[in-house]
Amino acid sequence: MDFFEQNIDRTGTFSVKWERTKEVFKTEEDVLPMWVADMDFRPPQAISDALKKRVEHGIFGYTFTGETVADAIINWLADRHGWEINKSWITYSPGVVPSIGKAIQALTEPGDRILVQSPVYPPFFSMITDNDRKVENCPLIKKEHQYDIDFDAFEQALKNGVKLFILCSPHNPVGRVWTEDELRRMAELCLAHDVIIVSDEIHSDLILSGHQHVPIASLSKEIAENTITLIAPSKTFNLAGLQASVIICANHDLQKKLNVIAKRQGSFTLNTFGIVAMEAAYRYGEEWLDELLAYLKGNVDVVKSYIADELPELTLVEPEGTYLLWIDCRKLGLSDGELNHLFTHKGKIGFNPGISFGKGGEGFVRMNVACPRSTVIEGLARMKKAIHS
């Protein structure tokens, strides 16, 4: 656990999280960044060692994603999630968001409706609208400490001419790890209404104790044929800057359509270091990940206790996965602009404003706790200072 307690200076590394605070939060204040979803932890030593070995070789010509990379992915999914996949299902992409864009372009036409469940990861909206498609939103239902799906509204939305459903599993920002029953019901409704599923499962390895991630495509052969699954080592092992992700698709016809778009874009392979890091992560990262999850659970518990004892004006939505906490600030009675100003200028702490996640995000903030516990405690103290000011 001492490994995760290290406070590492990330300035001078072109860190979006730590070196763009003035631009993002439009302030000259010394803002503590607890927003964008990357971690302040070094990845497993095996990844660093693999990258160092590759650097020491010294030649960085054209590379390809070889058989050993695919084998590492296949073994990881089987061991970690009980999902047996075929090597032919795997293709690669620089990132999950580019993959979402690729799926939208390959499988829908301008003007088509694409379903999302807000509040949800903001690029879902922008990738739809930037590609001249229309957002069909079926907001999640807020219960006291978690969110559920309104299945009647979900089916009605599918009937509105929806062509594609972008699933966030586990869900960012509300932290739900969908149950097998919930996933099966969504998948079967999509099959019934001829709607293809694009499942963003980038947080699938970041599951808190007591919960289990189920890949939606693992539920049946028929569901697998109707699903494109997107995963990456980036959130799990803090490798976002290396830009390497995986597209898993059992349906040859869908995969062929995706590859047509990739060819148009001139996208052929991953960068050398992304390939090396991906294989090392999936081959050697499991022990590190288990330790990370225990540490993150401790951070979540600290926030939960602090809010209950010191900040009764706030409500923490109970997280089941991810390292992103969804905090209800509506009892403060502030507009979203006022809430953002309160934390940024009074508390000098930077959160993702809930409104950026779409309908249902009003009055919330998203807090990243993938950092040393001392940073979490400092962030909580700044929240208290802001609210009590």
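Start by selecting Leu-342, Phe-343 and Lys-346 in α15, then add Met-383, Lys-385, Ala-386 and Ile-387 in α16: these two groups meet. Contact here means heavy atoms within 4.5 Å. By class, this contact has five nonpolar, no polar and two charged residues. Ala, Val, Leu, Ile, Met, Phe, Trp, Tyr, Cys and Pro count as nonpolar; Asp, Glu, Lys and Arg count as charged; the others, Gly among them, count as polar.

Before moving on, note that this is a predicted model, where local features need pLDDT of at least 70, side-chain atom pairs count only at pLDDT 80 or more, and totals for chains, interfaces and linings use all residues. Residues are numbered from 1 along each chain as its sequence is written, and side-chain values use heavy atoms, with hydrogens and water left out.

**Stop 1: α15 and α16**

Show all of α15 (residues 336-346) and α16 (residues 373-388). Helices (H or I, at least four residues) and strands (E, at least two) are DSSP runs, numbered from the N terminus. The two helices pack at an angle of about 120°, with axes 9 Å apart. That makes α15 oblique to α16. Axes are lines fitted to C-alpha atoms, for helices over the stretch in contact, and angles run from 0 to 180 degrees between N-to-C directions. Angles under 35 degrees count as roughly parallel, over 145 as roughly antiparallel, 65 to 115 as roughly perpendicular and the rest as oblique. The crossing of α15 and α16 is right-handed. A crossing is right-handed if the near helix is turned clockwise from the far one by less than a right angle, and left-handed if anticlockwise.

**Stop 2: the largest cavity**

Keep α15 on screen. Which residues line the largest cavity? Select Asp-336, Leu-339, Asn-340, Phe-343, Thr-344, Ile-349, Phe-351, Pro-353, Gly-354, Phe-364 and Val-365. Two elements, α15 and β15 (364-368), give two or more residues to this lining. The largest share, five residues, comes from α15. The volume is about 70 Å³. Seven lining residues are nonpolar, three are polar and one is charged.

On a 1 Å grid over the protein atoms alone, a cavity is a set of points where a 1.4 Å probe fits but cannot get out; a pocket is an open set with protein on both sides within 12 Å along at least five of seven lines; lining residues have an atom within 4 Å of a point. Grid points are joined across faces, edges and corners, and a volume is the space filled by probe spheres set on the points.

**Stop 3: the second largest cavity**

A search of the whole structure finds three cavities of 30 Å³ or more. The second largest holds about 40 Å³. Select its lining: Trp-76, Leu-77, His-81, Glu-201, Ile-202, Ser-204, Asp-205, Ile-231, Ala-232 and Tyr-282. Which helix gives the most to this lining? Colour α5 (residues 67-81), which gives three residues.

**Stop 4: α14 beside α16**

Return to α16 and add α14 (residues 286-310). Their axes lie 10 Å apart, at an angle of about 20°. That makes α14 roughly parallel to α16. Now pick out the contact: among the residues of α14 are Tyr-295, Val-302 and Tyr-306, and α16 brings residues including Val-376, Ile-377 and Leu-380. This contact divides into eight nonpolar, three polar and three charged residues.

**Stop 5: α8 and α9**

Select α8 (residues 151-158) and α9 (residues 180-192). They pack at about 25°, with axes 10 Å apart. The two helices are therefore roughly parallel to each other. Their crossing is right-handed. Show Phe-151, Phe-154, Glu-155 and Leu-158 of α8 against Glu-182, Arg-185, Met-186, Leu-189 and Cys-190 of α9.

**Stop 6: the pockets**

How much space lies in the largest pocket? The volume is about 1,200 Å³. Centre the view on Ala-37, Asp-38, Leu-239, Ala-240 and Gly-241, the closest to its centre of 45 lining residues. α2 (16-19), α6 (96-107) and α11 (234-237) each give two or more residues to the lining. The largest share, three residues, comes from α6.

Finish at the second largest pocket, with about 240 Å³ of space. Of its 15 lining residues, Thr-91, Tyr-92, Ser-267, Phe-268 and Thr-269 are the closest to its centre. Colour β2 (90-93) and α12 (252-265), which each supply at least two lining residues.
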